[in-house]
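Visitor: I'm new to this one. Could you take me on a close look at a single part, the zinc site and the sheet beside its ligands in the chain?

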Amino acid sequence: MQCVYCQNNCIKRGKRKGIQNYQCLECKKYQQENYTKLRIPEEKYEWVHRLNNEGCGMSSIGRLLNISKSSVQRAITKIASQLTLPEIKETSESYEIDELRTYCGNKKNECRLIYAINKKTRQIIDFCVGRRTKENIKKVVDKLLKLNAKKIYTDGLNTYQSLIKAQMHIAYKGCTNHIERKNLTIRMQLKRLSRKTICFSKSEQLLESCFYLYICA
Ligand SMILES: [Zn+2]
């Protein structure tokens, strides 16, 4: 048999679930002669991306596209790894930062989605998933400082005062209204973040991937 990857000769090597396995002599990759399960077609990846941003959970995407839940999970991770955040070349703009509360793994394990938006264009600049620690918030703030932010609007959390210079930092009630509105939109559009339901993320990594898909829509 010929290798699928490099077209060299393969030899029989072992069986897996009763099916003969082959190994390539050149690239050493294992393979079968023919696979019973088909690969997910390219257009379904596109649909996984679209449905994810329309408030479908992973199980419902699986049901709609007739693929397994784990395939959806793999697809989301794969799509996210291929995307890159749009490059931002703006200076002296105003930004808002906020943290979205959610859970990871179980409902006792709180976790935050910290992110920043441009106050005028409402574009998401950067984000970070994790606990509300100084390091995690610093990642997002640093990105804004790199962009030469004019003003940064935040809520009253103490951590911000130590990270942002006083003349740049603004924190009064109602100054983060834009990002609070954005929070609600995100909660409407990503199933795992919707409130008053039993939905939540099972892992931080997948929450990150799903949000990546959401930004790069
Ligand atoms: Zn090969």
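Guide: Let's go through the zinc site and then the small sheet that shares part of its chain.

A quick word on the model: it is predicted, with local features needing pLDDT of at least 70 and side-chain atom pairs counting only at pLDDT 80 or more, while totals for chains, interfaces and linings use all residues. Residues are numbered from 1 along each chain as its sequence is written, and side-chain values use heavy atoms, with hydrogens and water left out.

So, what holds the zinc ion? Its protein donors are Cys3 (SG), Cys6 (SG), Cys24 (SG) and Cys27 (SG), which lie 2.2 to 2.3 Å from it. A donor here is an N, O or S atom within 2.8 Å of the metal (3.2 Å for Na, K and Ca); water is not among the atoms, so sites may look incomplete. The 4 donor atoms subtend angles of 102 to 119° around the zinc ion, and that makes the arrangement tetrahedral. For four donors, that word asks for all angles between 85 and 135 degrees.

Read along the chain, the donors follow the spacing C-x2-C-x17-C-x2-C. Distant parts of the chain get linked this way: cysteine 3 sits in the segment before β1, cysteine 24 sits in strand β2, and they are 21 residues apart. Cysteine 3 and cysteine 24 are both buried, meaning under 20% relative accessible area with a 1.4 Å probe, protein chains only.

Strand β2 takes us to the sheet. Strands here are DSSP runs (E, at least two residues), numbered from the N terminus, and two of them pair if DSSP finds at least two bridges between them. In general, strands of a sheet pair through backbone hydrogen bonds, either parallel or antiparallel. This sheet is open, with 3 strands in the order β1-β2-β3 and antiparallel pairing. At its edges stand β1 (10–16) and β3 (30–32); each has a single partner strand, so one side of each is left without a neighbour in the sheet. From one strand to the next, the twist averages 40°, with axes taken as lines fitted to C-alpha atoms and angles running from 0 to 180 degrees between N-to-C directions.

Now zoom in on β2, residues 19–24: 3 bridges join it to β3, and the two run antiparallel. To find one of the partners by eye, start at asparagine 21 and look across to glutamine 32 in β3. Then follow β2 to cysteine 24, and you're back at one of the zinc donors.

Definitions and conventions
Helix = DSSP H or I, 4+ residues; strand = E, 2+ residues; numbered from the N terminus. Tetrahedral: all angles 85-135°; square planar, octahedral: opposite > 155°, others 65-115°. Buried < 20%, exposed > 50% of the residue type's maximum accessible area, 1.4 Å probe, protein only.
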